[in-house]
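Visitor: I have a protein chain on my screen and would like to learn how to read it. Could you take me through it feature by feature?

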Amino acid sequence: MKHTHSTGVRFVYDWYREFLERLIDADRRFRGFDDTVEDGDVLLRHDVDLSIRKAREMARIESEAGVRSTYFLLVSSPLYNPVEQETRRAIREIDSLGHDIGLHFSTHAYWPPGEEPSESRLRTHVRNERDVLEDIVPDLADTISFHIPPEWVLDRRFDGIDSTYEPAYFSRVDYCSDSRQRWRDDPPLTDGIPDKLQVLTHPSLWGDREQTFTECVQSAVAEATRRATECATREFLEERYSA
Ligand SMILES: [Zn+2]
């Protein structure tokens, strides 16, 4: 039987609610990425890598706690399509709960790892993908977040692109991320709450009951597969739709 770390994080909503309560009790202000960051500000960021349904669950929990955050959505994901009707509805619900919506941009969808594009090519693809989301959420956040960020995007300012990894939000604040559920061994806020803080969580890693990282990925894949199967069956396989 594996020993459970006594201070480690459990990736369940109850733990996340308590985490938010700690920040609220410390009088922290929850800001958006288009704001100037001041002492006492927290930037809550969610990169929606796997499941829009899980993102919506987290958005509801935060809304009940009176907390505002930013959800960054992929346009290039094989697991969800923001333009699809049901997903569009979920995105609008997250927006209507008072949260911000921004673009989660994958450089890997266009350039191999290690290849750094010109800023103008980067701007073109970012603009095209932002246009897709802006059609769904007109008040889209100006700031984008990079998916699995390559080294060349970190701690850098781009001309015409605001990023969650630029110095104002990254090296000049405390930054903590739940990537691959590393908080199990390295819990956040162990030395108290910093003056300026960016917190990144991935909603698909959280749930009512705890799952391993692999199980989270597998259940998101199963969900996407089930939805694709239902849709393809309805649109292509059932007799009445054949032309
Ligand atoms: Zn990502």
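**Reading the fold and the zinc site**

Guide: Happy to. Of the 243 residues in the protein chain, 45% count as buried. Please keep in mind that this is a predicted model.

Visitor: How many helices and strands does the protein chain have?

Guide: The secondary structure comes to 5 helices and 8 strands. Read from the N terminus, the elements run α-β-β-α-β-α-β-α-β-β-β-β-α. The radius of gyration is 19 Å, close to the 18 Å that the globule rule gives for 243 residues, so the protein chain is as compact as a globular protein of that length. Along its principal axes, the C-alpha trace spans about 65 × 50 × 35 Å.

Visitor: What share of the contacts in the protein chain joins residues at least 24 apart?

Guide: Start with the contacts between residues at least 6 apart in sequence; 70% of these join residues at least 24 apart.

Visitor: Now the metal. Which residues coordinate the zinc ion?

Guide: To read a metal site, list the donor atoms, then look at the angles. Here Asp49 gives two OD atoms, His104 gives NE2 and His147 gives ND1, at 2.1 to 2.8 Å from the zinc ion. Along the sequence, these donor residues are spaced D-x54-H-x42-H. Asp49 sits in the loop between strand S2 (41–48) and helix H2 (52–64), while His147 sits in the loop between strand S5 (143–146) and strand S6 (162–163), so the pair ties together parts that are 98 residues apart in sequence.

Visitor: What is the geometry of the site of the zinc ion?

Guide: The general yardstick is that four tetrahedral donors have ideal angles of 109.5 degrees. In this structure the angles among the 4 donor atoms are 52 to 137°, and the site is irregular. For four donors to count as tetrahedral, all angles must lie between 85 and 135 degrees.

Visitor: Are Asp49 and His147 buried or exposed?

Guide: Compare each value with the cut-off: buried means under 20% relative accessible area. Asp49 counts as buried because its relative accessibility is 18%. His147 also counts as buried, at 14%.

Visitor: Let's turn to the strands. Which way do S3 and S4 run?

Guide: For strands, look at the direction, the bridges and then the path of the chain between them. Strand S3 (residues 70–74) and S4 run parallel and are joined by 5 bridges; Thr70 has Asp100 in S4 as its bridge partner. S3, helix H3 (residues 85–96) and S4 make a right-handed β-α-β unit. From S4 the chain crosses through helix H4 (residues 119–134) to S5, and this β-α-β crossover is right-handed. S4 and S5 pair in the parallel sense over 2 bridges, with Phe146 in S5 as the bridge partner of Phe105. Strand S4 (residues 100–105) is mostly covered, with 5 of its 6 residues buried.

Visitor: Which residue in S8 does Leu44 stand opposite?

Guide: Leu44 stands opposite Val199, and Cys176 stands opposite Val199 too. The pairings give the context: 6 bridges join S2 to S8, which run parallel, and S7 pairs with S8 in the parallel sense over 4 bridges. S8 is mostly covered, since 5 of its 6 residues are buried.

Visitor: What does Val75 touch?

Guide: Begin with where the residue sits, then list its neighbours. Val75 is in the loop between S3 and H3 and counts as partly exposed, at 24% relative accessibility. Leaving out residues up to four places away in sequence, Val75 touches Pro82, Leu103, His104, Glu129, Val132 and Leu133. His104 is one of the residues that coordinate the zinc ion. The C-alpha atoms of Val75 and Phe105 are 7.5 Å apart, although 30 residues separate the two along the chain.

Visitor: One last feature, the backbone angles. Where is Asp155 found, and what is its phi?

Guide: As a general idea, most residues other than glycine have a negative phi. Asp155 has a positive phi, near 55°. Asp155 is found in the loop between S5 and S6 and counts as partly exposed, at 36% relative accessibility. Leu189 also has a positive phi, near 60°. Leu189 is in the loop between strand S7 (174–177) and strand S8 (196–201), and at 9% relative accessibility Leu189 counts as buried.

Definitions and conventions
Residues are numbered from 1 along each chain as its sequence is written. This is a predicted model: local features need pLDDT of at least 70, side-chain atom pairs count only at pLDDT 80 or more; totals for chains, interfaces and linings use all residues. Side-chain values use heavy atoms; hydrogens and water are left out. Donors are N, O and S atoms within 2.8 Å of the metal (3.2 Å for Na, K and Ca); water is not among the atoms, so sites may look incomplete. Four donors count as tetrahedral if all angles lie between 85 and 135 degrees; four count as square planar and six as octahedral if opposite donors are over 155 degrees apart and all others between 65 and 115; anything else is irregular. Buried means under 20% relative accessible area, exposed over 50%, partly exposed in between (1.4 Å probe, protein chains only). Two strands pair if DSSP finds at least two bridges between them. A crossover is right-handed if, with the strands pointing away from the viewer, the path from the first strand over the helix to the second runs clockwise. The radius of gyration is taken over C-alpha atoms; the globule rule is 2.2 Å times the number of residues to the power 0.38. Contact means heavy atoms within 4.5 Å.
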